[in-house]
Amino acid sequence: MKRKLLFAERMLHGNGEAPFNALIPVKIKGVFPEESIHHALKKLQEKHPLLNAAVEDDEQGMPWFVVKEGLSIPVRITERLSNADWKTQTTQEWATVFDTRKGPLMRLVWIKGAEASELILVIHHCLCDGGSAMAILSEFLMLLDDGSVDIGKEDPILDVNDIIPAEVLKDRKKRVKAKLIGSVATFALWLIPVKKKLVERKKDYMIHWKLQKEWSDQLMIKCKAEQVTVNTVLCAAVLAAFKAVRKENFHNKISCPVDIRRFAPRIKRDNIFAFGLMFVVSADLELDFFSNARKMQDDINKKTAKLDAYENIMMMEESHASMDKFTNFLKYGKSGNDCMFSNLGKVNIPHQYQNFELETIFSPSVIGPLGNTTTLVTSTYRGQMDFTFIASEGFIPYEEGLAIQSKIMEIISKKIAS
């Protein structure tokens, strides 16, 4: 199998020299042999062709995923000394570059303990989004527990024809619109002056915490009563926290990725795919908290209704000529967002297996070289919300990161009680 990288995948891959890694850590209670891990990973590779891929450039310099024989997903084993080891290993793995020219684009870290272990799946972000990562995790855990389970075979995406219906691709108006927008975007990027001086990123860090299960339950009840989603209330809380802590450095903008599978049903849950849709959310600072949340909810609903996955992909595929300009704009341009906020929602993965218990799934983290690294990821597993805040000292000092985390929790606790 061989397929050309789509625009978004090219952007995430870059030239392959900088790390852009997505990490999914979990904690498991129980004991299992090393052979079971290797067997599970091999079975994953048998199902998903791209887990056997490297990235190669053609004569025109365009990168392709090329499936190779004999690639094994590497496993690094380290002794478990404390409950915090997974955080140290996470920051280490953020900075560890994949050799994308050799492959594979996935590896695993086993923090091995006598009675409990953490496992960290590390996947290059050009290979998968959050939905793909969770599907891989689910299959891996099933195979780790029972190596004979049948997880099927992926019908991989080979090009845009596997994503976009033929009637859309052949629609003349849509094709012309995609070419026009792609051309305008390319021209605009040529005109925008970009300073060739990177913001000094300094040290990357992570702040992790969980919401008490009782609070998680109460937050959901409160949101239902106020007729807003949990996601919207969290957006409002994040913006309020950034405003309180960042003051004059507050932008009043957070970007929110959306699972493309909601809008492009040909992309299946178990398809390895890395394209995402995005919208930007701002707060009305003149309104009280829940009035603002309801206004934000209306705005989110309108923006979500307008999202067109097919149009976005077609437009981006007409913009390959602007790739260098676009990545330079992201790297060197001044950030206008406070952070990226991603809510994976409820993770539907069993916690009790025959041979072990999945105690928790820590919210994934991802960090890359394209500008502001500040990201907040949340997910809910076993009824408890989990938060991972990722940033770099050059964008947000660690003490401010701690203050933002504290303020988010303060806002949530007050709004639950109100």
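**Strands and one buried tyrosine**

Colleague: Which strand holds Tyr 205?

Modeller: This is a predicted model. Look along the chain for the run covering residues 204-210. Tyr 205 falls in that run, which is strand β8.

Colleague: Is Tyr 205 buried or exposed?

Modeller: A residue counts as buried under 20% relative accessible area. Tyr 205 has a relative accessible area of 5%. Therefore Tyr 205 is buried.

Colleague: Which backbone oxygen does the side chain of Tyr 205 reach at 2.9 Å?

Modeller: Start with what Tyr 205 touches. Leaving out residues up to four places away in sequence, its contacts include Trp 94, Phe 389, Ile 396 and Pro 397. The backbone oxygen of Pro 397 lies 3.3 Å from a polar atom of the Tyr 205 side chain. The oxygen at 2.9 Å belongs to Ile 396.

Colleague: What separates the C-alpha atoms of Tyr 205 and Phe 275?

Modeller: Along the chain, these two residues are 70 residues apart. In space, their C-alpha atoms are separated by 26 Å.

Colleague: Now the sheets. In what order do the strands of the open sheet with β1 stand?

Modeller: This sheet has three strands, paired in the antiparallel sense. Its edge strands are β1 (2-4) and β3 (53-57), each pairing on one side only. Neighbouring strands are turned by 30° against each other on average, direction ignored. The order is β1-β4-β3.

Colleague: Which residue in β4 stands opposite Lys 2?

Modeller: β1 pairs with β4, residues 63-67, over three bridges. The two strands are antiparallel. Opposite Lys 2 in β4 stands Val 66.

Colleague: Why is strand β2 described as largely enclosed?

Modeller: Strand β2 covers residues 21-29. The rest of the structure largely encloses β2, because the buried residues among its nine number eight.

Colleague: How many bridges join β2 to β7?

Modeller: β2 has several antiparallel pairings to sort out. Four bridges link β2 to β12, residues 357-361, and three link it to β13, residues 365-367. With β7, residues 116-124, the number is nine.

Colleague: Which residue is the bridge partner of Leu 23 in β7?

Modeller: Leu 23 also stands opposite Ser 365, but that residue is in β13. In β7, the partner of Leu 23 is Val 122.

Colleague: And in β12, what is the bridge partner of Ile 28?

Modeller: β2 and β12 run antiparallel. Across from Ile 28, the bridge partner in β12 is Leu 358.

Key:
Residues numbered from 1 in each chain as written. Predicted model: local features only at pLDDT ≥ 70, side-chain atom pairs only at ≥ 80, totals over all residues. Heavy atoms only, no water. Pairing = 2+ DSSP bridges. Axes fitted to C-alpha atoms, helices over the stretch in contact; angles between N-to-C directions. Buried < 20%, exposed > 50% of the residue type's maximum accessible area, 1.4 Å probe, protein only. Contact = heavy atoms within 4.5 Å. Polar contact = N/O pair within 3.5 Å; in protein donor to acceptor, adjacent residues only side chain to side chain.
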